[in-house]
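Subject: Structure handover

Hello,

Here is the structure for you to look through. Notes on what was found in it follow below.

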Amino acid sequence: MGEFMKKDQWILGIETSCDETAVAIIKNGREIVANVVASQIESHKRFGGVVPEIASRHHVEQITIVMEEALKQANITFAEIDAIAVTEGPGLVGALLIGVNAAKALAFAHNKPLVPVHHIAGHIYANRLVTELKFPLLALVVSGGHTELVYMKEHGHFEVIGETRDDAAGEAYDKVARTLNLPYPGGPHIDRLAHEGCPVIDLPRAWLEEGSYDFSFSGLKSAVINTVHNAAQRGETIAPEDLAASFQESVIDVLVTKTKKAVEEYGVKQLLVAGGVAANKGLRSALEKTFSDGKIELVIPPLSLCTDNAAMIAAAGSVMFEKGIRADLSLNAIPGLDIEIYNT
Ligand code: KG4
Ligand code: ZN
């Protein structure tokens, strides 16, 4: 008794950058109290990808419902919330705007600080909902829109040491899946098929220049599409499971090899994996095998925290809030936002 008790910190996070309307409330940066996600995948499926106008319309319809549900789950009122964190970018501009405007309206109405969050910072901070971060660390970000290696020397400080020069890993998965007539999003289907086949088809690996941590997946994607078309022209069929296995092997080979090199060069304590493709079983087991010597700690969030959600935005928001990062009511959506802008 009598010792100094720090007040709990409550952050409400909002995420609407793509096709998930999400609101979450977290306590003290690490504890999920509410995490509500309304997915639109079913609405976009028949178009084979996300249709921006449809995404915006769904966000408008869902945002207040999801917000109320999150407050109900957490059983708290706005009076107890310390700050409102929202994804300001990158993403689809019309989709981002719904979250940004909801956040601004709430911040104004309840007189709360507004904290802008970078979507990828959110994906990385999903890992802090699993375990405490140890610096320096490296994050392998693999999602539908991004493939990046991010070095962090401390909380809230992001240095992109490598990124894709064309397609993101998830984008390549989705396009290859489409070629194989698999439903959107194709990543999980390719992953499943890959485990039924053998990597017998020779596909390229883009290593790029010596020493580069950048990635490129468009050549691999084209090679898969050409393989399918050439076989069709010859009247032959290729076993889709073998093609999936060969494609997956190529993606994983490049991701794991470059990540291992960066982990060694930068001497990090932790390797965090983030983004929707972190759900990939082949990638998970390849990383687990590569880093099984225990020299560094490998952290991969559970599936529900790998794909888009607002708990990760609140987790990153908690750190940015403590760093003093604030937005005012002129906050806008920035579709091409740079993750390094809040580094100090
Ligand atoms: O992070 P995310 O939910 O959204 C973005 O911010 O992009 O990632 C979605 C991506 C999709 O491309 C999806 O196909 C991919 O993650 N994905 C997977 C798997 N599960 C989801 N890719 C490969 N294997 C999986 N098991
Ligand atoms: Zn995402």
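A helix here is a DSSP run of H or I with at least four residues, and helices are numbered from the N terminus. With that in mind, Asp214 sits in the loop between helix H6 (187-194) and helix H7 (218-233). Please note that this is a predicted model.

Asp214

Is Asp214 buried or exposed? The relative accessible area of Asp214 is 18%, and the cut-off for buried is under 20%, so Asp214 counts as buried. The side chain of Asp214 also has a partner: a polar contact of 2.9 Å joins it to the side chain of Arg165.

The largest pocket

How much space lies in the largest pocket? The figure is about 1300 Å³. The lining of this pocket is made up of 41 residues, and those nearest its centre are Ser143, Gly144, Asp174, Tyr184 and Pro185. By class, the lining divides into 15 nonpolar, 16 polar and 10 charged residues.

Several helices take part in the lining of the largest pocket. At least two residues each come from helix H1 (41-45), H4, helix H5 (169-179) and H6. The most comes from H5, which gives six residues.

Ser143, one of the residues nearest the centre of the pocket, belongs to the loop between strand E6 (137-142) and E7. Ser143 is buried, at 7% relative accessibility. A polar atom of the Ser143 side chain lies 3.3 Å from the backbone nitrogen of Gly145.

The cavity

How many cavities of 30 Å³ or more are there? The count comes to one. This cavity has a volume of about 50 Å³. Its lining consists of Pro116, Val117, His118, Ala121, Phe158, Met320, Ile339 and Tyr342. Strand E5 (residues 114-118) supplies the largest share of that lining, with three residues. Seven of the lining residues are nonpolar, one is polar and none is charged.

Aromatic rings

A general remark first: two numbers describe a pair of aromatic rings, the distance of the centres and the angle of the planes. Over the whole structure, the search finds five aromatic pairs.

One of them is Tyr125 with Phe158, an edge-to-face pair with 6.4 Å from centre to centre and 80° between the planes. This pair links distant parts of the chain, since Tyr125 is in helix H4 (residues 119-125) and Phe158 is in the loop between strand E7 (147-152) and strand E8 (159-163), 33 residues apart. Both rings belong to buried residues: Tyr125 has a relative accessible area of 1%, and Phe158 is at 2% relative accessibility. Phe158 is also among the residues that line the cavity described above.

Another pair is Tyr151 with Tyr266. Why is this pair called tilted? The ring centres are 5.0 Å apart and the planes stand at 45°; planes under 30 degrees apart would count as stacked and those over 60 as edge-to-face, so the Tyr151 and Tyr266 pair is tilted. Because Tyr151 lies in strand E7 and Tyr266 in helix H8 (residues 240-266), the pair ties together parts that are 115 residues apart in sequence. Tyr151 is buried at 14% relative accessibility, whereas Tyr266 is partly exposed at 27%. Together with Tyr213, these two residues form one aromatic cluster.

A ring can also have a charge above it. Lys258 lies over the face of Phe215, 5.9 Å from the ring centre.

Two more residues

Ser246 is located in helix H8 and is buried, with 1% relative accessibility. How far is Ser246 from Arg128? The two are 118 residues apart in sequence, and their C-alpha atoms are 33 Å apart in space.

Leu106 is part of helix H3 (residues 93-110). At 16% relative accessibility, Leu106 is buried too. From Leu106 to Ala121 there are 15 residues in sequence and 22 Å in space, C-alpha to C-alpha. Ala121 was named earlier, in the lining of the cavity.

Regards

Definitions and conventions: Residues are numbered from 1 along each chain as its sequence is written. Chains are lettered from A and ligands numbered from 1 in the order in which they are written. This is a predicted model: local features need pLDDT of at least 70, side-chain atom pairs count only at pLDDT 80 or more; totals for chains, interfaces and linings use all residues. Side-chain values use heavy atoms; hydrogens and water are left out. On a 1 Å grid over the protein atoms alone, a cavity is a set of points where a 1.4 Å probe fits but cannot get out, and a pocket is an open set with protein on both sides within 12 Å along at least five of seven lines; lining residues have an atom within 4 Å of a point. Grid points are joined across faces, edges and corners, and a volume is the space filled by probe spheres set on the points. Ala, Val, Leu, Ile, Met, Phe, Trp, Tyr, Cys and Pro count as nonpolar, Asp, Glu, Lys and Arg as charged, and the others, Gly among them, as polar. Rings of Phe, Tyr and Trp (its six-membered ring) pair if their centres lie within 6.5 Å; planes under 30 degrees apart count as stacked, over 60 as edge-to-face and the rest as tilted. Buried means under 20% relative accessible area, exposed over 50%, partly exposed in between (1.4 Å probe, protein chains only). A charge sits over a ring if NZ of Lys or CZ of Arg is within 6 Å of the ring centre and within 35 degrees of the ring normal. A polar contact is a pair of N or O atoms within 3.5 Å; within protein, one must be able to donate a hydrogen and the other to accept it, and residues adjacent in sequence count only if both atoms are side-chain atoms.
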